[in-house]
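Biologist: Please take a close look at the ligand's surroundings for me. Then tell me how that part fits into the rest of the chain.

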Amino acid sequence: MLLVSEPSLGEAETAALVETIASNWIAMGDRVRALEQAFARAHGVSDAAAVSSCTGGLHLALAALGIGAGDEVLVPSLSFVATANCVLYVGATPVFADIQGLNHPIMSVEQAARRCTTRTKAIILMHYAGYPADREAWVGFARSHELMLVEDAAHAAGVPGVGSFGDAAVFSFYSNKNMTTAEGGMVFARDPEVLAQVKLMRAHGMTSGTRQRLDARTPTYDVTTLGWNYRMDDLRAAIGLAQLQALAQRNARRAELALAYRYALAKCCPSVQTPFKNSDRTSACHILPVVLPRSACREVVIQKLREAGVQTTIHYTAIHQLSFYRNLFPNIRLPETEEFSRRELTLPLHPKMQESDVTRVVSALASALAQ
Ligand SMILES: *Cc1c(COP(=O)(O)O)cnc(C)c1O
């Protein structure tokens, strides 16, 4: 079965783990710090905070920015559920905005503006599939409405400029992401004080960690704010350092495969739309989404592809259409998001694939659509 995504793991990750275990320090320590610095440098920002997941990082970013009860946060519904869940974690209300359209499935500035109220405090952008949202438009919108901007950059590790749009940005290192530590994430914040607050809040609000207490030879600490346990550990950070070394090269390989898909789809499946066709921005090519013709039965296509040995997935069932959110916020209508969500299919894309795999997927899709 050709999988939608697969982690690229090898000798570098094995050696890094072995070395970390041999060091006898596996909790948050020097390797976590080294990963923070290296990941920040790779994205042109000055510092970062490693966390146990992107979800935890989004929670911390909103908490550190002071978003809370009574506040509204504009979010795309076409995202992973964590993008909205984190707003509920801090007691605020997610307000869903529609995407631009089938060819550009990123939250629309105009739609977001229409849903802005006096209670709106922040926007969470999501760089869908690794294509960065329009920086100037969003920064301009945020400034003119005095809103904070948070990037959910889970799809966009390694993309130049991503992570520096907003007041905060959060990446995911989950095992199906472009760079993985099995579970993990990274937070950037423009204001060093916000980043310091994220670091406090990721570890119970404690003023020093196990490692610092060892170094300082003092057993005391204070707790100055409510915190959680969203720490990363040195085992994961060691894997992350090895993964980061190969990220640019692997993202470039994804881009080559995405281009091969575009040509093959245009030739063999002209009724299938490929979003971001006219985008000139560098993408992490995290996933390969296509939009099936309106008349196609997606369930049948999925089944036919499965029979041909090709796994497919859906990005995403719109968040406002999930039972939990439907119950919380009934009667939301987002026509473009709903249409995209109904017709989208995600094809396999990962750096271990060959061009021949792309050809195989596209011809299997062509025959599934012909039936
Ligand atoms: C994967 C993902 C997350 C959550 O990441 P975790 O590290 O698994 O918590 C959040 N947002 C988006 C868009 C994602 O794809």
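Modeller: When I say helix or strand, I mean a DSSP run, H or I with at least four residues for a helix and E with at least two for a strand, numbered from the N terminus. This is a predicted model, where local features need pLDDT of at least 70 and side-chain atom pairs pLDDT 80 or more, while totals for chains, interfaces and linings use all residues. Residues count from 1 along each chain as its sequence is written, and side-chain values use heavy atoms, with hydrogens and water left out.

Now to the ligand. There are 16 residues around it (a heavy atom within 4 Å), and Cys54, Thr55, Asp152, Ser172 and Lys177 come nearest. By type, the shell splits into 7 nonpolar, 7 polar and 2 charged residues; Asp, Glu, Lys and Arg count as charged, and Gly is put with the polar ones. Helix H3 (54-64) and helix H4 (82-89) each bring at least two residues to that shell.

Three of the polar contacts (N or O pairs within 3.5 Å) are worth a look. Cys54 uses a backbone N or O atom, 2.9 Å from a ligand oxygen. Asp152 has a side-chain N or O atom 2.7 Å from a nitrogen of the ligand. Ser172 places a polar side-chain atom 2.7 Å from a ligand oxygen. On its own the ligand has 380 Å² of accessible area (Shrake-Rupley, 1.4 Å probe), and the protein covers 92% of that.

As for the rest, the protein chain has 13 helices and 11 strands, and its C-alpha trace spans about 70 × 55 × 35 Å along the principal axes. Two backbone oddities sit in loops. Ala182, in the loop between strand S8 (168-172) and strand S9 (185-189), has a positive phi of about 80° despite not being a glycine. His315 and Tyr316 are joined by a cis peptide bond, with omega about 5°, and Tyr316 falls in the loop from helix H10 (298-307) to helix H11 (323-328).

Technical notes
A polar contact is a pair of N or O atoms within 3.5 Å; within protein, one must be able to donate a hydrogen and the other to accept it, and residues adjacent in sequence count only if both atoms are side-chain atoms.
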